[in-house]
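Me: Could you take a close look at one part of this model for me, the place where protein and DNA meet? I would like one connected account, with the cut-offs spelled out.

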2 protein chains.
Amino acid sequence: MQLDSFFPYRLAVASEAFSRNLTDVYERELGLSREEWRLLFLLANAESMTSLDLARRTTLDKVQVSRAAKRLGEKGLIVREIPDEDRRIRVYRCTTEGFRQFRHLQPKVQERANRMLNAMSPEDREALEQGISALLKVAKSD
Amino acid sequence: MQLDSFFPYRLAVASEAFSRNLTDVYERELGLSREEWRLLFLLANAESMTSLDLARRTTLDKVQVSRAAKRLGEKGLIVREIPDEDRRIRVYRCTTEGFRQFRHLQPKVQERANRMLNAMSPEDREALEQGISALLKVAKSD
DNA sequence: AACAAATCGTTGCAGATGCAACGATATTGA
DNA sequence: TCAATATCGTTGCATCTGCAACGATTTGTT
């Protein structure tokens, strides 16, 4: 058995290569890490979210959320609020600037992703989508 | 557009989940990182390899190879040699213990991978294999 | 031969990461 | 009520990581 034919390895390499390609975009344009990008993505599409919501929906733990949110705050892209109902919790929302930057950036990221996906045949693309969906179901629970 | 339906995100989540599952095995059994596991994998299937060979075939850079190899050496799983032809280069090879541990560990890792893959339907599994192969081709070069 | 440039591996350092401990707040139960 | 317990976010710390710089060695040039 060769490493290059070991499926888990191939999956990891493909995913890393794809991811790095996208990271290039928001890293260079806005200086965002992948974690920050994920939070901005969620917050740009929601009125507001708590840390726990963010953690659940990004597969980040609370420390990562806390730090990524802190940096996004320092960049003026999101703001943090402490609700009176429960002062342990933090509620985040996009700033106007955050929305603006996201609207500017998202199409570029999408375009970069599409560039790679469009380099594949429609059949391969569909297979990939189907395979990843199926894998998500079985790998998540385990 | 929701984050959960954004393909790059789904790919990353699936890959991370899969990878973490396998890491559990060689992390717990031998205290190996993913980098170390990759090097051991290559060296257990080759007579010997140089740092450059290892780097090329693992998508690790030379620093990662150097550090992972150092740790594998400290664990007695591989040895390092400096060839007389070119004393800048390092040549690595598995120790008897390295081969032994790999033969012991590899089936367990494979089994864990198979457990997840077998939880998928044959069609999904095939689609996944096809999709990842195609993705590797386009994402690597870019 | 001798010096400049290139190659290779390692190390130092700054920043990132994961984990446990902590402080603040809220909930529970006696 | 109030003390014990649980929840949430942040911080400290040890470790890991990526990058540039470095020393050792080899190659190329004159």
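**Where the protein meets the DNA**

Reply: Happy to start with the make-up of the contact: among the atoms of DNA strand C within 4 Å of the protein, sugar or phosphate accounts for 61%, and bases for the rest. This is a predicted model, in which local features need pLDDT of at least 70, side-chain atom pairs count only at pLDDT 80 or more, and totals for chains, interfaces and linings use all residues. Residues are numbered from 1 along each chain as its sequence is written, chains are lettered from A and ligands numbered from 1 in the order in which they are written, and side-chain values use heavy atoms, with hydrogens and water left out.

Around DNA strand C there are 18 residues, the closest being A:Arg67, B:Ser51, B:Ser66, B:Arg67 and B:Arg80 (near means that a heavy atom of the residue lies within 4 Å of the strand). By class, ten of the residues on this surface are charged, five nonpolar and three polar (Asp, Glu, Lys and Arg count as charged; Ala, Val, Leu, Ile, Met, Phe, Trp, Tyr, Cys and Pro as nonpolar; the others, Gly among them, as polar). The largest share, four residues, comes from α4(B) (helices are DSSP runs of H or I with at least four residues, numbered from the N terminus). At least two residues each come from α4 (62-74) of chain A and from α3 (51-58) and α4 (62-74) of chain B.

Now for individual atoms. The side chain of A:Arg67 places an N or O atom 2.8 Å from a base oxygen of DNA strand C, and a polar side-chain atom of B:Arg88 lies 3.0 Å from a base oxygen of that strand. A:Gln64 has a polar side-chain atom 3.2 Å from a phosphate oxygen of DNA strand C.

B:Arg88 also turns up at DNA strand D, with a polar side-chain atom 3.5 Å from a sugar or linking oxygen. On DNA strand D, a phosphate oxygen is 2.8 Å from a polar side-chain atom of A:Ser51, and a base nitrogen is 3.0 Å from a side-chain N or O atom of A:Lys62. This strand is surrounded by 17 residues, and α4(A) gives the largest share of that surface, four residues.

Finally, the two protein chains: a rotation of 180° with 0.0 Å of shift along its axis superposes chain B on chain A, with RMSD 0.0 Å (least squares on C-alpha atoms of residues with pLDDT of at least 70 in both). That is the relation of a two-fold axis.

Note on methods: A polar contact is a pair of N or O atoms within 3.5 Å; within protein, one must be able to donate a hydrogen and the other to accept it, and residues adjacent in sequence count only if both atoms are side-chain atoms.
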